[in-house]
Amino acid sequence: QVQLAESGGGLVQPGGSLRLSCTASGIMSSPSGMGWYRQAPGKQREVVARIFPDGSTKDADSVKGRFTISRDNAASNTVYLQMNNLTFEDTAVYYCHLLGTLYWGQGTLVTVST
């Protein structure tokens, strides 16, 4: 059974940093493509960043230069989202997703507030 376990959300002030982690278990192949998505109150879920099996990444324009997606090593199904210079607009529930599947994590709340 595939499971995605996220951690690392919390409350941070504008300009601060957080790192989210997601570990996928029960996957038959590694590495798999994985991504971070977010959903703010009253808005649709949107892609934040993705990392593909070959290690290449793709970030949303809104987070370029501030967020970085990475994985432990080339064979790992643990991915991270380093978020720097956070703004109020980054407040959302962040979800980990196994690309090309219906598997999602439970979500972790990131709140940027003074």
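Guide: Two strands count as paired when DSSP finds at least two bridges between them. The model discussed here is predicted.

Visitor: What elements does the protein chain contain, and how many strands are there?

Guide: Helices first: the protein chain has zero. From the N terminus on, the elements run β-β-β-β-β-β-β-β-β-β. The strand count is 10.

Visitor: What is the radius of gyration of the protein chain, set against the globule rule?

Guide: For 114 residues the globule rule gives 13 Å. The chain comes close to that, so it is as compact as a globular protein of that length. Its C-alpha trace spans about 45 × 25 × 20 Å along the principal axes. The radius of gyration is 13 Å.

Visitor: What share of the contacts with a separation of 6 or more joins residues 24 or more positions apart?

Guide: Some context on burial comes first. Buried residues make up 41% of the 114 residues. The chain exposes about 6,100 Å², with 49% of it supplied by carbon and sulfur atoms. As for contacts with a separation of 6 or more, the share from residues 24 or more positions apart is 55%.

Visitor: In what order do the strands of the open sheet run?

Guide: The open sheet has four strands, with antiparallel pairing. From one strand to the next, the twist averages 15 degrees. The order is β1-β3-β8-β7.

Visitor: Which strands stand at the edges of the sheet?

Guide: Look for strands with a single partner. An edge strand here has one side without a neighbour in the sheet, because a single strand pairs with it. Two strands fit: β1 (3–7) and β7 (67–71).

Visitor: How many bridges join β3 to β8?

Guide: β3 covers residues 18–25, and β8 covers residues 78–83. The two run antiparallel. One of their bridges pairs Thr23 with Thr78. The bridges between β3 and β8 number six.

Visitor: Which residue in β3 is the bridge partner of Glu6?

Guide: Start from the strands. β1 and β3 pair in the antiparallel sense over five bridges. Within β3, the bridge partner of Glu6 is Cys22.

Visitor: Which residue in β8 is the bridge partner of Phe67?

Guide: β7 and β8 run antiparallel and are joined by five bridges. A hairpin of six residues leads from β7 to β8. Ser70 has Tyr80 as its bridge partner in β8. For Phe67, the partner is Met83.

Visitor: Which side chains along β7 are buried?

Guide: The side chains alternate along β7. Thr68 and Ser70 point to one face and are not buried. Pointing to the other face, and buried, are Phe67, Ile69 and Arg71.

Visitor: Is Ser21 buried or exposed?

Guide: Ser21 has its place in strand β3. Not counting residues up to four places away in sequence, Ser21 touches Ala5, Glu6, Ser7, Trp36, Val79 and Tyr80. The cut-off for buried is under 20% relative accessible area. At 16%, Ser21 is therefore buried.

Visitor: What geometry does the aromatic pair have?

Guide: A search of the whole structure finds one aromatic pair. The ring centres of Tyr37 and Trp104 are 5.0 Å apart. Planes over 60 degrees apart count as edge-to-face. The planes of this pair stand at 70 degrees, so the geometry is edge-to-face.

Visitor: How many residues apart are Tyr37 and Trp104?

Guide: Tyr37 is in strand β4 (residues 34–39). Trp104 is in the loop between β9 (92–98) and β10 (108–112). The pair links distant parts of the chain, and the separation is 67 residues.

Visitor: What is the relative accessible area of Trp104?

Guide: Its ring partner gives a contrast. Tyr37 counts as buried, at 15% relative accessibility. Trp104 is partly exposed. Its relative accessible area is 33%.

Visitor: How far apart in space are Gly105 and Glu6, C-alpha to C-alpha?

Guide: Gly105 is found in the loop between β9 and β10, and at 11% relative accessibility it counts as buried. Leaving aside neighbours within four places in sequence, Gly105 is in contact with Leu4, Glu6, Tyr95 and Cys96. Gly105 and Glu6 are 99 residues apart in sequence. In space, C-alpha to C-alpha, the distance is 6.4 Å.

Terms used: Residues numbered from 1 in each chain as written. Predicted model: local features only at pLDDT ≥ 70, side-chain atom pairs only at ≥ 80, totals over all residues. Heavy atoms only, no water. Axes fitted to C-alpha atoms, helices over the stretch in contact; angles between N-to-C directions. Rg over C-alpha atoms; globule rule 2.2 N^0.38 Å. Buried < 20%, exposed > 50% of the residue type's maximum accessible area, 1.4 Å probe, protein only. Contact = heavy atoms within 4.5 Å. Areas by Shrake-Rupley, 256 points an atom, 1.4 Å probe, with all protein chains shown as cover. Phe/Tyr/Trp six-rings, centres within 6.5 Å; stacked < 30°, edge-to-face > 60°.
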